[in-house]
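Okay, thanks for coming, everyone. Let me put the structure up so we can walk through it together.

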Amino acid sequence: MKHDAGGREEVRIMKALVYKGPGKKAVEDRPKPEISAPTDAIVKIIKTTICGTDLHILKGDVPTCAPGRILGHEGVGVVDQVGAAVTAFNPGDHVIISCISSCGKCDYCRRGMYSHCVNGGWILGNKIDGTQAEYVRIPFADTSLYRIPTGSEEDALVMLSDILPTGFECGVLNGKVEPGSTVAIVGAGPIGLAALLTAQFYSPARVIMVDMDDNRLQISARFGATDIINNKDGKAVEKIMKMTNGRGVDTAIEAVGVPASFITCEDIVAPGGIIANIGVHGVKADLHLERLWDRNIAITTRLVDTVTTPMLLKTVQSHRIDPKQLITHHFKLDNILDAYETFGAAAKTNALKVLIEA
Ligand SMILES: NC(=O)c1ccc[n+]([C@@H]2O[C@H](COP(=O)([O-])OP(=O)(O)OC[C@H]3O[C@@H](n4cnc5c(N)ncnc54)[C@H](O)[C@@H]3O)[C@@H](O)[C@H]2O)c1
Ligand SMILES: [Zn+2]
Ligand SMILES: [Zn+2]
């Protein structure tokens, strides 16, 4: 083993989870990433996780992600090296890695729409190598990493890379959840549950969770849902209309990503309400304007910007929300294939988020 100038062991080879083309993945030895631009940082991963979107990639649904790519866009870690232009972070700093890389300078970044950064956006574990490895290169480190205050419980903060800002920004903020309002969240996966946790910042009168999985609905009830509906019988719309005296809901959050769940939202939105879509859709969904044209509704879509990460971090620090509740399983990076298996069979394993220790 070689040593660097500071006497530390010089790591050159690392373990990583590599996408090998549709349906195929493998744990491989890869060279440790190096600084390639002065705005880069190399981060040593402490904890990472798997997202539903990684499963989409493995199905071959995400053409921008080429075989050979190291997957993963979530994680917390320690800064290992910084490029010459990085001023906000130093080696040794503990950081949250945002799933969105933002240059901080382009028109979209200046508008707070980091998701559409012309130099970044969602590239991590997609167009560049990601976080399911021992080390990752983070471009635009100053604006794509968030410092973890000392003494924080780091496990929970992995949920701030993607799912909490996604549920909050795409669901709760876009859906304009208000005190006293009635909210329905269609889909009680990690994202729907993140929307449920963060919707409660605004004290809605009612939050109705809809899913087909009883375990996830029970968890929803524990997380603060006022009503849970199992839609196995296809009667969720009927039940919600009855519960709301035929009015419907002020905010309908779509957190699945299939036509049926979007249409459920169209059917339950009250006059003046909002449908806030979160789900990644692979096929078209019908828009029933013949029923909706006179209902004064709005429909929003959004790719998470992660602009609310600092705010969400404060709410976790103050125990206003506890995202650790979303973590159901723990694995070591060496066993990441088992982690994929467990996460991929969520209906059987009751998995929500699986935490992977690098
Ligand atoms: N917009 C963004 O920036 C963004 C970011 C991350 C994830 N996403 C997307 O958010 C969606 C949810 O993510 P997740 O990880 O929670 O997914 P998930 O697959 O774990 O959860 C989806 C849930 O929906 C339920 N479901 C399926 N069909 C349903 C129906 N017709 N009615 C009610 N419930 C139904 C399933 O039982 C499951 O519990 C995915 O499409 C994901 O790709 C979007
Ligand atoms: Zn994700
Ligand atoms: Zn930018």
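Let me start with a definition we'll need in a minute: four donors count as tetrahedral if all angles lie between 85 and 135 degrees. And keep in mind that this is a predicted model.

So, with that in hand, look at the zinc ion that is ligand 3. Who holds it? Four cysteines coordinate this zinc ion through their SG atoms, namely C103, C106, C109 and C117, at 2.3 to 2.4 Å. The angles among those four donor atoms run from 101 to 119°. That's inside the range I just gave, so the site of ligand 3 is tetrahedral. If you like to read motifs off the sequence, the spacing of the donor residues is C-x2-C-x2-C-x7-C. Take C103 and C117 out of that set: they are 14 residues apart and link distant parts of the chain. C103 is in the loop between β5 (94-97) and α2 (107-110), while C117 is in the loop between α2 and β6 (135-138).

Are those two cysteines buried or exposed? C103 has a relative accessible area of 10%, so it is buried. C117 is at 5%, so that one is buried as well.

Now over to the other zinc ion, ligand 2. Here the protein donors are C51 through SG, H73 through NE2 and D162 through OD, and they lie 1.7 to 2.3 Å from the zinc ion. Along the sequence, these donor residues are spaced C-x21-H-x88-D. Again there's a pair that links distant parts of the chain, C51 and H73, 22 residues apart. You'll find C51 in the loop between β3 (41-49) and α1, and H73 in the loop between α1 and β4 (75-82). C51 counts as buried because its relative accessibility is 6%, and H73 counts as buried at 2%.

Okay, ligand 1. There are 23 residues around this ligand, and the ones that come nearest are D211, R216, V256, R302 and V304. By class, the shell has twelve nonpolar, seven polar and four charged residues. Which elements supply at least two residues of that shell? Those would be α1 (52-59), α5 (163-173), α6 (190-199) and β9 (206-211).

What about the backbone? An oxygen atom of ligand 1 is 2.8 Å from a polar backbone atom of V256, which, remember, is also among the residues that come nearest. For I191, the distance from a ligand oxygen to a polar backbone atom is 3.0 Å, and for P190 it's 3.2 Å. As for burial, ligand 1 on its own exposes 870 Å², and the protein buries 83% of that.

Last topic, backbone angles. Most residues other than glycine have a negative phi. With that in mind, have a look at two asparagines. N245 has a positive phi, near 55°, and its place is in the loop between α8 (236-243) and β11 (249-254). N245 counts as exposed because its relative accessibility is 74%. Then there's N296, also not a glycine, with a positive phi of about 55°. N296 is found in the loop between α10 (289-292) and β13 (298-300), and at a relative accessible area of 64% N296 is exposed.

That's what I wanted to show. Happy to take questions.

How values were computed: Residues are numbered from 1 along each chain as its sequence is written. Chains are lettered from A and ligands numbered from 1 in the order in which they are written. This is a predicted model: local features need pLDDT of at least 70, side-chain atom pairs count only at pLDDT 80 or more; totals for chains, interfaces and linings use all residues. Side-chain values use heavy atoms; hydrogens and water are left out. A residue is near a molecule or strand if one of its heavy atoms lies within 4 Å of it. A polar contact is a pair of N or O atoms within 3.5 Å; within protein, one must be able to donate a hydrogen and the other to accept it, and residues adjacent in sequence count only if both atoms are side-chain atoms. Accessible areas come from the Shrake-Rupley method with a 1.4 Å probe; for residues, only the protein chains shown count as cover. Helices (H or I, at least four residues) and strands (E, at least two) are DSSP runs, numbered from the N terminus. Ala, Val, Leu, Ile, Met, Phe, Trp, Tyr, Cys and Pro count as nonpolar, Asp, Glu, Lys and Arg as charged, and the others, Gly among them, as polar. Donors are N, O and S atoms within 2.8 Å of the metal (3.2 Å for Na, K and Ca); water is not among the atoms, so sites may look incomplete. Four donors count as tetrahedral if all angles lie between 85 and 135 degrees; four count as square planar and six as octahedral if opposite donors are over 155 degrees apart and all others between 65 and 115; anything else is irregular. Buried means under 20% relative accessible area, exposed over 50%, partly exposed in between (1.4 Å probe, protein chains only).
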